[in-house]
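This report covers the empty spaces, the ligand site and some strand pairing. Please keep the sequence and the 3D view open while reading.

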Amino acid sequence: MTTTTESAATVAPASDRDAFRDGAVDERSRARLAENGLDYRRVQIDGDGYAPWLQVVARGFQDGERSDEQIAATRERSRYRRLTGVFDPAAPMAEAPVATIASWLGELTVPGGAALPSAAISAVTVAPTHRRRGIARAMLEGELRAAHAAGIPMAMLTVSESTLYGRYGFAPAAASASWRIDTKRARWIGPRPEGRVDFIPRERLRELIPALHDRSRLGSAGEIDVPGGHWDNFAGTRPDAEKAGEKRALQYADAAGEVRGLALYSVRENHDDFTKATVTVAYLLAETDDAYAALWRFLLELDLVAEVRASELTVDEPLRWMIADQRAATVTVQDHQYVRILDVPAALEARRYGAGATIALQVSDPLGFAEGRFLLEIDGDGAARVTPIGAEAAPAGAVEADLGVEELSAVYLGGVPFATLAAAGRARATDIALAGRVFGWHTAPRLSIWY
Ligand SMILES: CC(C)(COP(=O)(O)OP(=O)(O)OC[C@H]1O[C@@H](n2cnc3c(N)ncnc32)[C@H](O)[C@@H]1OP(=O)(O)O)[C@@H](O)C(=O)NCCC(=O)NCCS
């Protein structure tokens with residue numbers, strides 16, 4: 001069984017993923033929690049501890065109790081995860097954790113199309129009976145130290161609340177846009193590519209989507225390698241899936257017959273007016289511009305539909321330029337993909353830059369991982385060499401920049417202008433315009449899932 005998506009492009013080999021998954025908890029956090037009578041330990045996915053761990057996660061996210069079938073299905077799709085819990089031996093249900101966290105070694109696409117090994121963090125919950133005692137902080141710091149000790153240069157997460165993770169150095173680096181399109185008003189003026197759009201079984205989409213996503217993800221900074229279980233959630237192909245039959249699956253094949261795009265959507269009827277149904281796009285994946293145009297056109301021209309909704313899009317969709325009336329779309333933007341640099345030279349050398357320059361970067365980091373002064377030398381092709389320079393003077397002509405790890409992480413994917421952070425009083429540079437061109441990128445970063 002395959003639980004992670006791995007491609008030829010993968011830079012996080014299975015052995016590294018397994019080593020991180022199976023590694024011990026961070027000793028400092030373990031000792032800190034032990035001082036408060038709490039036990040911080042790994043949870044084995046095949047052990048008796050898995051079901052109570054998962055029930056606590058569901059409760060933490062305001063969800064109901066999981067059935068045995070749901071637990072079995074989730075277990076089968078979660079083998080790539082490193083699971084950790086905090087236990088209170090004095091609690092009546094001592095086998096159930098009072099706090100949870102999950103993580104795994106994944107890959108983050110960076111500007112220029114490289115994949116950077118990155119520790120993904122998820123399932124952060126603390127029981128309401130144990131809140132505000134520093135448990136979340138101990139777990140987050142613990143997982144960041146574990147990732148750093150494993151040589152992983154980046155951490156990443158998506159969040160239910162925006163206020164929680166800045167204190168650990170995470171910053172929203174790829175925003176997501178949600179669209180509501182009045183289809184009667186939009187009118188398609190985009191390309192009408194050759195090739196064809198066809199309905200396919202959801203199971204067929206589930207088969208096709210991992211490879212198509214793997215071929216596409218390096219084209220968009222912010223995307224990650226998607227664990228296989230996520231595709232089952234989208235496609236409704238889990239054995240415990242609810243209302244799976246509501247999802248319609250589409251493929252776009254180009255003129256040569258190659259599948260270049262996939263989409264999943266559901267329709268909600270309007271009983272007061274049967275010409276005004278609402279379509280919700282669960283996922284649209286396009287490997288080529290033609291696939292993008294063909295699938296969006298199909299969705300916007302569906303009969304009996306008045307509104308199409310889609311989310312986790314980029315803040316700069318070509319779709320805006322494919323409809324005659326841009327005000328047919330109501331777009332809302334939200335913070336989405338959070339990243340946290342753990343190793344400045346490794347992270348900064350992995351991406352490409354928008355301009356050549358030499359920058360002396362002073363980075364502050366309350367947790368220490370990224371703290372220091374670094375010389376960033378970017379050549380004419382936008383490739384960088386990064387050297388820690390301590391208190392050394394920067395070469396003549398270098399831009400001096402000074403910012404925290406949160407701000408450096410924010411600009412890392414090229415979606416947050418340096419000048420915006422400078423104007424907000426959160427970054428300084430002797431040449432803000434040049435720093436902005438260096439860190440900027442020509443396409444907006446995107447993350448098309450939650451994890
Ligand atoms: C959010 C949650 C994990 C916090 O856990 P916790 O153990 O109470 O947090 P801690 O006591 O370790 O507090 C850590 C820091 O976060 C702050 N904090 C905690 N909850 C916060 C909230 N909801 N909003 C803003 N700040 C919060 C604390 O003030 C503390 O700040 P400091 O260390 O800088 O002084 C917990 O309340 C929870 O499980 N909530 C429901 C699930 C959830 O939202 N998970 C997050 C998924 S992305």
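In this predicted model, the search for enclosed space of 30 Å³ or more returns one cavity. Rolling a probe the size of a water molecule over the atoms shows where empty space is left. The largest cavity holds about 60 Å³. Its lining consists of V281, A282, Y283, L284, W296, A310, S311, E312, L313, R446 and S448. By class, that lining splits into seven nonpolar, two polar and two charged residues. Two strands, β10 (277–286) and β11 (305–313), each give at least two residues to this lining.

Open space comes next. The second largest pocket has a volume of about 650 Å³. It is lined by 26 residues, of which S220, A286, Y292, T314 and R446 are closest to the centre. Three elements each contribute two or more lining residues: α7 (202–216), β10 and α9 (289–300). Which element gives the most to this lining? Strand β10 does, with four residues. The pocket lining comprises ten nonpolar, nine polar and seven charged residues. R446 appears in the lining of the largest cavity and also among the residues closest to the centre of the second largest pocket. Strand β10 likewise serves the cavity lining and the pocket lining.

Now the ligand. The shell around it has 20 residues, and V124, V126, R132, R137 and R167 come nearest. By class, the shell holds nine nonpolar, five polar and six charged residues. Three polar contacts to ligand oxygen atoms are tabulated here.

| Residue | Protein atom | Distance to a ligand oxygen atom |
|---|---|---|
| G134 | backbone N or O | 2.8 Å |
| A136 | polar backbone atom | 3.0 Å |
| S160 | polar side-chain atom | 3.1 Å |

How much of the ligand's accessible area does the protein cover? On its own, the ligand has 910 Å² of accessible area, and the protein covers 73% of that. Two elements give two or more residues to the shell: strand β4 (115–126) and helix α5 (135–149).

Last, the strands that pair with β12. Strand β5 (residues 154–157) runs antiparallel to β12 (residues 329–341), and four bridges join them. Within this pairing, M156 stands opposite V339 of β12. Strand β6 (residues 171–182) also pairs with β12 in the antiparallel sense, over ten bridges. There, R180 has T330 of β12 as its bridge partner. Strand β12 thus has both β5 and β6 as antiparallel partners. In a regular strand, side chains alternate between the two faces of the sheet.

Methods
Residues numbered from 1 in each chain as written. Predicted model: local features only at pLDDT ≥ 70, side-chain atom pairs only at ≥ 80, totals over all residues. Heavy atoms only, no water. Near = heavy atom within 4 Å. Polar contact = N/O pair within 3.5 Å; in protein donor to acceptor, adjacent residues only side chain to side chain. Areas by Shrake-Rupley, 256 points an atom, 1.4 Å probe, with all protein chains shown as cover. Nonpolar A, V, L, I, M, F, W, Y, C, P; charged D, E, K, R; others polar. 1 Å grid on protein atoms, 1.4 Å probe; cavity = no way out; pocket = protein on both sides within 12 Å on 5 of 7 lines; lining within 4 Å. Points joined across faces, edges and corners; volume = space filled by probe spheres on them. Pairing = 2+ DSSP bridges.
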